[in-house]
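Here is a short report for someone meeting this structure for the first time. Keep the sequence and the 3D view at hand while reading.

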Amino acid sequence: MGSANFTESEILANIYATALKDSGYKVKEKLNIGSREVYIPALTDKSIDLIPDYSGNLLSYLDASTTARSAEEINKALPGSLKAKGLAMGTPASAEDKDAVVVTSDTASSWSLSSIGDLASHNSQLSMGGAPEFKTRAVGLPGLKKNYGVVPSSYTTIADGGGPATVAALKDGKVKAANIYTTSPDIPANNFVVLKDPKNNFPAQNVTPVFRDGVLDAKALKVVNGVSAQLTTEDLTELNSEVSGSSKMEPSAAAEKWLKSKGLTK
C-alpha cells in the first residue's frame, strides 16, 4: 500500500490498508512516496500494489488531452486510461478534495453569493488570494473568467496551498475570496462558504483506489470498495482535522477510529 507525500493521502492509505488487514490480508505500507510522477511508475513496476488517488487529476496525468470535467465523465474515461498502463480502479468514493472558491459567511450574505458566478457582479470590489499557479492554470483565474465572467480586481499570491496564510488573509479581510481545498478543516472551523461550481470549472476529484490490474482478488476488491462506499468529504475533513489539528492524532489511529465508527472493522 502506497501513499503520496501529503497527510491526507497517508490517512487514506491507512484506511484502506487497515480494512484489508482486518479482513485477513497481509499489508505492508510504503507511505510518503512522492508525487504522481513517482507513484504511478511504482505501481507499474510492482514496487507498490495499491494507492489512493484523486480521479480528475489522475485522468489529466494519464491523458493530457482529456476534456472530462464532471464525476460521471471522469469515471467513464478513467478505466481505459488506466488499462493502457496495466492498472485498474475500484469504486470512487463520494469524498472529494478539490479546488474551491471560498468566502466568509459575511461576504456570502452581504453579496448574496451561492455560486462562483455570483461574484461577477462584484468584480470591481473582488480581491482574491491563492497559490501562484492559480493565476495562470486553466482551472484558475482563466477558468473563472471563461466560465463565469469572474475577473478579480486584484490577486494576492499566497504560496501555502490554501493553508494558514491563505485562511488568515480571508478571515482578516485582506482578500474577499480565496482558493482553498474542500477538505480543509479551516472551512467549517471558520464558517467559510464554499461557492458552488455548476459549470465544473474545477474537475471532480473523487478519492479513487488505484491498483495494478489483477493484484486484488474479489474479496480484497470488495473490502476496498466497501471503504469507498462510506467515505464522504465531511469524513475526510474531520480526519484531516484530527491529524493536523490540536489533537495531533496519528494517521493510523485516525484511520482505525473512522473504520470502527462505520462498522468496517471489528
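Asn200 is partly exposed, because its relative accessible area is 26%, between the cut-offs of 20% for buried and 50% for exposed. The model is a predicted one. Asn200 sits in the loop between strand E7 (193-194) and E8. Its phi is near 55°, a positive value in a residue other than glycine.

Lys248 also has a positive phi, about 50°, although it is not a glycine. Its place is the loop between H10 and H11. Is Lys248 buried or exposed? With a relative accessible area of 55%, Lys248 is exposed.

Thr232 belongs to another loop, the one between H9 and H10. It counts as partly exposed, at 23% relative accessibility. Leaving aside residues up to four places away in sequence, Thr232 touches Ser94 and Ala95. Ala77 is 155 residues from Thr232 in sequence. In space, the two C-alpha atoms are 22 Å apart.

**Nonpolar cores**

In soluble globular proteins, nonpolar side chains tend to be buried together. Here the largest nonpolar core has 30 residues. Those with the most contacts inside it are Met1, Ile15, Leu20, Val207, Leu231 and Leu239. Which elements each supply at least two residues of this core? They are helix H1 (7-22), strand E1 (50-54), strand E8 (207-212), helix H9 (218-230), helix H10 (233-244) and helix H11 (251-261). H1 gives the most, with eight residues.

Apart from this core lies another, of 19 residues. Among them are Ala108, Leu126, Met128 and Leu195.

Val207 shows how parts of the chain meet. Not counting residues up to four places away in sequence, Val207 touches Leu12, Tyr16, Asp53, Tyr54, Pro92, Ala93, Ala95, Leu231 and Leu236.

**Aromatic rings**

The structure holds three aromatic pairs. Ring pairs link Phe134, Tyr155 and Phe202 into a cluster.

**Pockets and a cavity**

The table sets out the open and closed spaces.

| Space | Volume | Lining by class |
|---|---|---|
| Largest pocket | about 1,200 Å³ | 16 nonpolar, 18 polar, 11 charged residues |
| Second largest pocket | about 290 Å³ | nine nonpolar, one polar, six charged residues |
| Largest cavity | about 40 Å³ | two nonpolar, five polar, no charged residues |

The largest pocket is lined by 45 residues. Phe6, Glu8, Asp97, Gly161 and Tyr181 lie nearest its centre. Two or more lining residues come from each of H1, helix H2 (36-44), helix H3 (55-62) and H10. H3 gives the largest share, five residues.

How many residues line the second largest pocket? There are 16, and the closest to its centre are Met1, Lys26, Val27, Lys28 and Asp49. Met1 is also one of the residues with the most contacts inside the largest core.

A search of the whole structure finds one cavity of 30 Å³ or more. Which residues line the largest cavity? They are Gly130, Ala131, Gly161, Gly162, Thr166, Asn179 and Tyr181. Gly161 and Tyr181 thus appear in two places: they line this cavity, and they are among the residues nearest the centre of the largest pocket.

Technical notes:
Residues numbered from 1 in each chain as written. Predicted model: local features only at pLDDT ≥ 70, side-chain atom pairs only at ≥ 80, totals over all residues. Heavy atoms only, no water. 1 Å grid on protein atoms, 1.4 Å probe; cavity = no way out; pocket = protein on both sides within 12 Å on 5 of 7 lines; lining within 4 Å. Points joined across faces, edges and corners; volume = space filled by probe spheres on them. Nonpolar A, V, L, I, M, F, W, Y, C, P; charged D, E, K, R; others polar. Phe/Tyr/Trp six-rings, centres within 6.5 Å; stacked < 30°, edge-to-face > 60°. Core = buried A, V, L, I, M, F, W, Y, C linked by side-chain atoms within 4.5 Å. Buried < 20%, exposed > 50% of the residue type's maximum accessible area, 1.4 Å probe, protein only. Helix = DSSP H or I, 4+ residues; strand = E, 2+ residues; numbered from the N terminus. Contact = heavy atoms within 4.5 Å.
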